[in-house]
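Trainee: I've got a model to look at, and I'd like to know where the words people use for it come from. Can we go through it together?
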Amino acid sequence: MLPDLERLIRLQSLRNAADDARRCLAKIPAQLDAFDANLAEHRKALDDARQRFEDNQTARRNLEKQVAAVQSRLDNKKDQLMNVKTNEDYLVIQKEITAAQDNVQSSEERILQSMLDGDALDGAVKNSEHSLVAAEADIESDRCEIEKERMKFEAAAKKASDAAEVLTREIEGVALALFEQIAEKRNGVAVVEAKNNLCSSCHVRLRPQVFNDIRRNNKLIQCESCGRILHFLTSGNLTLADSA
Ligand SMILES: [Zn+2]
């Protein structure tokens with residue numbers, strides 16, 4: 001194999017490895033944002049549950065005050081009832097007492113219902129608290145995993161970039177310039193395999209004579225369609241995957 005073709009294949013492989021690692025690194029901020037969003041949802045659910053419980057307690061205290069006020073008026077009416085002079089006054093006060101008693105009874109029923117609701121809302125608060133604690137623990141462990149991945153990808157990107165840098169110094173100037181020029185235009189991919197008479201990147205069919213020349217791997221041949229440098233993989237030669 002042409003030595004520079006072999007080096008360009010390795011260079012492509014190292015660039016691919018560095019790009020892959022950088023792509024993985026680029027996904028990390030969105031993963032961390034998703035954790036924050038997940039925690040924010042749990043915290044909001046807890047805040048809402050606490051608010052509903054507080055509202056229930058406030059409403060119950062208000063009902064209890066109302067009942068106390070009505071009860072106090074009821075006691076006054078009962079005192080007045082002892083001192084009425086006329087039958088007519090007696091009936092009026094008796095009617096007021098009945099109305100107040102009905103009021104107290106219905107308020108007490110509402111207080112009872114409010115207490116039952118309060119128990120359920122208190123349970124919901126506790127559930128939300130447990131969910132938040134569990135989510136915090138899960139996310140903390142996921143964050144540690146991601147931090148390890150980050151270090152791994154950073155190291156992989158640096159290792160591949162450094163090796164690529166060293167390798168470029170061994171490649172003849174014209175060949176390297178051609179590689180960089182194609183890589184610039186083709187999203188970093190300058191060297192690809194020719195396979196089954198096709199360019200494996202743009203899938204254009206190669207002329208038989210061109211494919212035969214590529215099979216020899218003894219010169220730099222570009223795809224007539226996408227311009228990438230083509231090489232032919234034999235079991236004996238270096239593969240892109242092996243050199244990654
Ligand atoms: Zn092509």
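Mentor: Sure, let's start with aspartate 4, which has 13% relative accessibility and so counts as buried. This is a predicted model, where local features need pLDDT of at least 70, side-chain atom pairs count only at pLDDT 80 or more, and totals for chains, interfaces and linings use all residues. Residues are numbered from 1 along each chain as its sequence is written, and side-chain values use heavy atoms, with hydrogens and water left out.

Trainee: What makes aspartate 4 count as buried?
Mentor: Buried means under 20% relative accessible area, exposed means over 50%, and partly exposed is in between (1.4 Å probe, protein chains only). Aspartate 4 has 13%, so buried is the word.

Trainee: And why is the link from the side chain of aspartate 4 to the side chain of arginine 7 called a polar contact?
Mentor: The term needs a pair of N or O atoms within 3.5 Å; within protein, one must be able to donate a hydrogen and the other to accept it, and residues adjacent in sequence count only if both atoms are side-chain atoms. Here the distance is 2.9 Å, and the pair is listed as a polar contact.

Trainee: Now the metal. Which residues are the protein donors of the zinc ion?
Mentor: Cys199, Cys202, Cys223 and Cys226, each through its SG atom, lying 2.3 Å from the zinc ion. Donors are N, O and S atoms within 2.8 Å of the metal (3.2 Å for Na, K and Ca); water is not among the atoms, so sites may look incomplete.

Trainee: What makes the site of the zinc ion tetrahedral?
Mentor: Four donors count as tetrahedral if all angles lie between 85 and 135 degrees. The angles among the four donor atoms of the zinc ion are 102 to 117 degrees, and the site is tetrahedral. Along the chain, the donors follow the spacing C-x2-C-x20-C-x2-C. Cysteine 202 is in the loop between strand 2 and helix 4, and cysteine 226 in the loop between strand 3 and strand 4, so the pair ties together parts that are 24 residues apart in sequence.

Trainee: Are cysteine 202 and cysteine 226 buried or partly exposed?
Mentor: Cysteine 202 is at 29%, so partly exposed; cysteine 226 is at 7%, so buried.

Trainee: How do you know that strand 3 pairs with strand 4?
Mentor: Two strands pair if DSSP finds at least two bridges between them. Two bridges join strand 3 to strand 4, and they run antiparallel.

Notes:
Helices (H or I, at least four residues) and strands (E, at least two) are DSSP runs, numbered from the N terminus. Four donors count as tetrahedral if all angles lie between 85 and 135 degrees; four count as square planar and six as octahedral if opposite donors are over 155 degrees apart and all others between 65 and 115; anything else is irregular.
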